[in-house]
Each structure stands twice: as structure tokens, then as C-alpha cells.
Amino acid sequence: REYIMRLMVVSDIHGSLSACESSLNRFFEEKADKLRILGDILYHGPRNSLPGDYNPKEVARRLNEYKDRILCVRGNCDTEVDQMMLDFPIMADYIYVVVDDLTIFATHGHHYSPERPPQCLPIGSILMTGHTHIACDALYNDYRYMNPGSPSIPKGGSVPSYIIVDKGEAKLIAF
């Protein structure tokens, strides 16, 4: 078991170099120990506009520099080809993360969501997803739902944001 003091969570970079750089800059400014990416790292997907600074090769190179500090889940736009570019695993559909007294079920959001929560979600835990590109922090029944939105292609009036988990607290923060 790994002890994590401070965790930063982002999602849906979609190959945008500036979104990757701003996420890494915030990661270091926040003095986070680990970075969790909730999928859709390199490819922009057929439903999204191409980010103006689309550069998946450089995004992969930059993230690979911190491979020991990153843990990801697979997004609906992530493939085995993307995994070949990245030096850290991205193919898990979900991960459980325990930070202090918080249990977090982290997934991309195309399989699990507030409308379709996992059956194994413990009471009082946090369901964290990306996928919608809409930042959210809300209570649903017996759990809290959080979505960091997207630093590259925010939707629904959302602004680029991320989540910090530290000392038993999780908070949504705008870039």
C-alpha cells in the first residue's frame, strides 16, 4: 500500500499540449505527490473539435517524464496504440484510491456515472469521473460525485479545472 499525502486529479486532456502543460504546472504548484488522469489523454475523439495545439506525441513525452507519479484509467478515446506511447498504465476501467479517510472510485465516466454508479461503491465514498468535460461537485444518495471537467475542451459553460485531495478533503479548483 502506497501512502499518498496530496493527490491531483485531471481528465480529458485530449492531446492538447497547453492543457497538459497547465496541468503539470498546477501539479507542481499544488505540491501534489501523485497525479491521477481520468482518461482521454492523447486522442481528441470524433465528437470533439481538434484542440488548436493538438500534439499527442509531445503530450506523451511530457507525461512520460513523470511516469512514476501518474496513475490513469482508460477513457473512451484511449486505445492500445495510446498505451504504446505512454510509459505508465492507462488501460484499467477504474481504480480505487484511498487518501486518508476518503475512498475514491476513479473511472472515466462512460461506463459508470451518477446515473449508473458501480454496485461496489462504499457509502460515503467519492465517485470521480471525467468524460462529460463538465466540472461538478455534488451529493448523490450515499456518495459524493466529482468531475474535474477538462483543461482542453470544457463544455456546458464549465471552466478548466482540477481536483485536489488532501488531508481528508477533496475540492474542485478552477485553473
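This is a short tour of some aromatic pairs and of one strand with its neighbours. Keep in mind as you click along that the model is predicted.

**Stop 1: the aromatic rings**

Start by showing the side chains of the aromatic residues. Ten aromatic pairs turn up in a search of the whole structure. Select Phe 27 and Phe 28 and look at how their rings meet. The ring centres are 5.1 Å apart and the planes stand at 75°, so this pair is edge-to-face; the cut-off for that label is an angle over 60 degrees. Now switch on a surface and look at each partner in turn. Phe 27 is buried, at 1% relative accessible area, whereas Phe 28 has a relative accessibility of 36% and counts as partly exposed.

**Stop 2: a stacked pair between two strands**

Next, select Tyr 94 and Phe 105. Here the planes are at 20° and the centres 4.8 Å apart, so the rings are stacked. Colour the strands and you can place both residues: Tyr 94 belongs to strand E4 (residues 94–99) and Phe 105 to strand E5 (residues 102–107), so their contact ties together parts that are eleven residues apart in sequence. With the surface on, Phe 105 is buried, with a relative accessible area of 1%. Tyr 94 is partly exposed, at 37% relative accessibility.

Add Tyr 96 and Tyr 112 to the selection. Together with Tyr 94 and Phe 105, they form one aromatic cluster.

**Stop 3: strand E9**

Move on to residues 161–166, which make up strand E9. How many of its six residues are buried? Six of the six are, and the strand is mostly covered. In a regular strand, side chains alternate between the two faces of the sheet. To see the faces of E9, colour Ser 161, Ile 163 and Val 165 one way, for one side, and Tyr 162, Ile 164 and Asp 166 another way, for the other side. Both faces are covered, and the residues on each are all buried.

**Stop 4: the neighbours of E9**

Which strands pair with E9? One is E1 (residues 6–10), which runs antiparallel to E9 and is joined to it by four bridges. Select Val 9 and you will find it opposite Ile 163 of E9. Another is E10 (residues 169–174), also antiparallel to E9 and joined to it by six bridges. For a look at this pairing, pick Asp 166, which stands opposite Glu 169 in E10.

Finish at the turn. E9 and E10 form a hairpin with two residues between them. Select Lys 167 in this turn and check its backbone: its phi is positive, at about 50°.

Technical notes. Residues numbered from 1 in each chain as written. Predicted model: local features only at pLDDT ≥ 70, side-chain atom pairs only at ≥ 80, totals over all residues. Heavy atoms only, no water. Phe/Tyr/Trp six-rings, centres within 6.5 Å; stacked < 30°, edge-to-face > 60°. Buried < 20%, exposed > 50% of the residue type's maximum accessible area, 1.4 Å probe, protein only. Pairing = 2+ DSSP bridges.
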